[in-house]
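Work through the following exercises with the sequence and the coordinates side by side. Each task is followed by a solution that goes step by step.

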Amino acid sequence: MQIHVTDQTGTRHSLEALEGFRVMEIIRDWGLDVKAECGGACACATCHVYVAPAWSGKLYDPLDEEIDMLDSAFAVEDNSRLSCQILMSEALNGIELTLAPGTQKDDAAAA
């Protein structure tokens with residue numbers, strides 16, 4: 001399985017993914033520049049991504065905790081999600097995501 005991630009500089013990365021892993025973990029483990037400060041506990045918004053429109057309908061609706069965290073994120077759009085709340089599955093093979101601005105490890109403007 002794969003996920004396709006466009007980083008904050010516009011570079012597209014195709015990453016091998018394992019079922020059951022959080023998308024945030026996949027992005028982080030492949031070395032892309034994402035803070036992911038809370039490690040997947042839905043306690044920050046530093047793994048904020050934009051989900052490509054073709055994939056939005058394949059995700060379950062965000063829980064209240066995720067919506068609350070997105071309220072504190074920078075540059076939130078209708079297709080914003082926290083990548084720690086997306087579990088990789090066969091149905092998401094090939095998902096297209098873009099890392100949101102402010103999620104870089106060295107960015108002081110992050111949420």
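**Exercise 1.** In which loop is Q8 found? Describe its surroundings and those of Q104.

*Solution.* Before starting, note that this is a predicted model, in which local features need pLDDT of at least 70, side-chain atom pairs count only at pLDDT 80 or more, and totals for chains, interfaces and linings use all residues. Residues are numbered from 1 along each chain as its sequence is written, and side-chain values use heavy atoms, with hydrogens and water left out.

Step 1: Q8 is found in the loop between strand 1 and strand 2 (12–16), where helices (H or I, at least four residues) and strands (E, at least two) are DSSP runs numbered from the N terminus.

Step 2: With a relative accessible area of 23%, Q8 is partly exposed; buried means under 20% relative accessible area, exposed over 50%, and partly exposed in between (1.4 Å probe, protein chains only).

Step 3: Leaving aside neighbours within four places in sequence, Q8 is in contact with D33, L99, A100, T103 and Q104, contact meaning heavy atoms within 4.5 Å. The C-alpha atoms of Q8 and A100 are separated by 6.6 Å, although these residues are 92 apart along the chain.

Step 4: Q104 is found in the segment after strand 5 and counts as buried because its relative accessibility is 17%. Leaving aside neighbours within four places in sequence, the contacts of Q104 are with Q8, D33 and K35. Q104 and E77, 27 residues apart along the chain, have C-alpha atoms separated by 18 Å.

**Exercise 2.** Set out the order of the secondary structure elements in the chain, and then give its overall dimensions.

*Solution.* Step 1: The chain has 3 helices and 5 strands, which run β-β-α-β-α-α-β-β from the N terminus on.

Step 2: The C-alpha atoms fill a box of roughly 35 × 30 × 25 Å, taken along the principal axes. A compact globule of 111 residues would have a radius of gyration near 13 Å, and the 12 Å of this chain agrees with that value; the radius is taken over C-alpha atoms, and the globule rule is 2.2 Å times the number of residues to the power 0.38.

Step 3: Buried residues make up 43% of the 111 residues. Among contacts between residues at least 6 apart in sequence, 68% join residues at least 24 apart.

**Exercise 3.** Which residues touch the most other members of the largest nonpolar core?

*Solution.* Step 1: A nonpolar core is a set of buried Ala, Val, Leu, Ile, Met, Phe, Trp, Tyr and Cys residues joined through side-chain atoms within 4.5 Å.

Step 2: Of the 28 residues in the largest such core, I3, I27 and I95 touch the most other members. The elements that give two or more residues to this core are strand 1 (2–6), helix 1 (23–29), strand 3 (48–51) and strand 5 (95–99), and the largest share, 4 residues, comes from helix 1.

Step 3: Not counting residues up to four places away in sequence, I27 touches I3, V5, L15, L32, V34, V49, S83, L97 and L99. As background, nonpolar side chains tend to be buried together in soluble globular proteins.

**Exercise 4.** Is E66 buried or exposed, and which residues does E66 touch?

*Solution.* Step 1: E66 has its place in helix 3 (residues 64–70). Because its relative accessibility is 1%, E66 counts as buried.

Step 2: Not counting residues up to four places away in sequence, E66 touches C42, R81, L82 and Q85.

**Exercise 5.** Locate A36 and A75, and state the phi value of A36 and of A75.

*Solution.* Step 1: A36 lies in the loop between helix 1 and strand 3, and its phi is near 45 degrees, a positive value in a residue other than glycine. At 9% relative accessibility, A36 counts as buried.

Step 2: A75 is found in the loop between helix 3 and strand 4 (80–82), with a phi near 60 degrees, a positive value in a residue other than glycine. At 29% relative accessibility, A75 counts as partly exposed.

Step 3: For reference, most residues other than glycine have a negative phi.
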